[in-house]
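I am opening a fresh page for this structure. Come along and look over my shoulder.

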Amino acid sequence: MDRNRSRSPVTSSHRHYSPSRREAGNWRKNNFDGEHLGAANHHQYQSSAAPEQSPRRSQTLSTRREVYERDFPLYKQPVEVGSFSLDSQRRFFNDSRQLRYYVEPGRNPNFDLRDGYRERYVRRDENVKEKLDHILRWILANRSKLKSKLAANASCPLDFDFVTWRGHLTKLLTTPYETKEGWLLAVTRFKGTLYISEVETEAARRERENRPERNKEMMYWGYKFEQYMCADNADGEPDPGGVVNTNEAFCTVVQTRLTDHRLLFSGEVDCRDRDPDAPAPPACYVELKTSAEICAPKQRSNFHRFKLLKWWAQSFLPGVPKVVAGFRDHDGIVVSVETFQISKISQLIKNEHNCWKPTVCMNFCCDFLSFVKREATADNPSVVYLFSWEPHKDVTYSVHRDSQYSFLPNWYIKEMTSSPE
Ligand code: A3P
Ligand code: MG
């Protein structure tokens, strides 16, 4: 799920985002120091049970917004280290064959998002849980590229603290503002790297299995919009008469750092700027979205408070600079298309009273990763620390050995254990 030609200071501000000081030259001033991190930890790890009885299970992490209102943490500009594709049958390819190209729509698009729902829609099987498998395949296929000073050390073959999907990080960023849906994140420490893989909650499974027909159709609308807006080649045109197959995906793999957490994550990218002179990835990528048309002030306020939070979090993480949104009516007709620069979203929402703040999102994510690092200490591929969160509660966790939650496949463990490269 993840093409801006400008190299202006605003564009580069996401190298180290600061809502108050957006000039690129100022970013070093906002560095998040170790002292600050230490103080934050001290406040947020609380004991809720007698420590001598069960010290592990007593650890919790607050998700209250006010705890995370501090300077924006250091977030290095994400660098694309590779990409991969999943074809119409969800087969993995270590290349960009599924990358599509953004085609600017006409003045009056009038796209019918319902077209083809019954006849030209192949839906990915959501019962198949892929966990981190595609990313792990990519890591094995690109080990030489990822080799570092630590690579010679067999006990620490990967130079990253965390490996995960972008979508899991998006959920963490939005947690302090989420009031409806909880999450479960399985964490395994293996050769020094922490792998984070989501587990579907019971509530999410029930919702998925009982999705009303209208919601099923509306899920299609987002993909259909992509088809209207993308071509398979840089000089091609969209093919709205084709099949929408949601098995197909192009994923970027980026590396970055959030304070002292070295991250490697992957996220789906909808398309890229078709200009060959556009900046290098991820700066040339474009995220596509659909949303209900805005007809009243209350709808605009909700759009700012809820939609823009999710859109910002999803694209900010991998350094995707813009979202192109199709606003549609109740019948799925796109009535307008608007571009949102990710670096300008915090300005757009500043008049909303008591609105979400990027710094709260990033500081919570950062502290969650510190919490995971501190608690998930056993380096064992069959041990899972299951972190769990429900709205209005603290984050808690439980530990599971050789359970249904284990997610690192044997082929990955074997390859990472046996060969140095
Ligand atoms: P929208 O983007 O218009 O919401 P993404 O935007 O992340 O690339 O995802 C593409 C489309 O997948 C979405 O279009 C939506 O139709 C569908 N989709 C993704 N996540 C979803 C979710 N959690 N629930 C329902 N639909 C989802
Ligand atoms: Mg999209």
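I began with what counts as a metal donor: an N, O or S atom within 2.8 Å of the metal, with water not among the atoms, so a site may look incomplete. I also noted that this is a predicted model.

**Metal site.** I looked up which protein atoms serve the magnesium ion (ligand 2), and found Asp-270 (OD), Glu-287 (OE) and Leu-288 (O), lying 2.0 to 2.3 Å from the ion. Along the chain, I read the spacing of these donors as D-x16-E-L. Asp-270 sits in the loop between β13 (261-268) and β14 (271-272), while Glu-287 belongs to strand β15 (residues 285-292), 17 residues apart, so the pair links distant parts of the chain. I checked Asp-270 and Glu-287 for exposure, and both are buried.

**Cysteines.** How many disulfides are there? I count 0. A disulfide needs two cysteine sulfur atoms within 2.5 Å. For Cys-271 the closest cysteine sulfur is in Cys-230, 3.9 Å away, so it is too far for a bond. For Cys-366 the closest is in Cys-365, at 7.3 Å, again too far. Cys-271 is buried, at 0% relative accessibility, and Cys-366 is buried with 0% as well.

**Sheet.** I traced an open sheet of 9 strands with mixed pairing, in the order β4-β3-β12-β13-β7-β9-β8-β18-β19. Its edges are β4 (92-93) and β19 (396-401), each pairing on one side only. Inside my trace, β8 (residues 183-190) and β9 (residues 193-199) are antiparallel over 7 bridges, and I found Leu-185 opposite Glu-198 in β9.

**Helix.** Last, I followed helix α3 (residues 133-141), which lies across several strands, including β3 (79-86), and runs at about 120° to β3.

Note on methods:
Residues are numbered from 1 along each chain as its sequence is written. Chains are lettered from A and ligands numbered from 1 in the order in which they are written. This is a predicted model: local features need pLDDT of at least 70, side-chain atom pairs count only at pLDDT 80 or more; totals for chains, interfaces and linings use all residues. Side-chain values use heavy atoms; hydrogens and water are left out. Donors are N, O and S atoms within 2.8 Å of the metal (3.2 Å for Na, K and Ca); water is not among the atoms, so sites may look incomplete. Helices (H or I, at least four residues) and strands (E, at least two) are DSSP runs, numbered from the N terminus. Buried means under 20% relative accessible area, exposed over 50%, partly exposed in between (1.4 Å probe, protein chains only). Two strands pair if DSSP finds at least two bridges between them. Contact means heavy atoms within 4.5 Å. Axes are lines fitted to C-alpha atoms, for helices over the stretch in contact, and angles run from 0 to 180 degrees between N-to-C directions.
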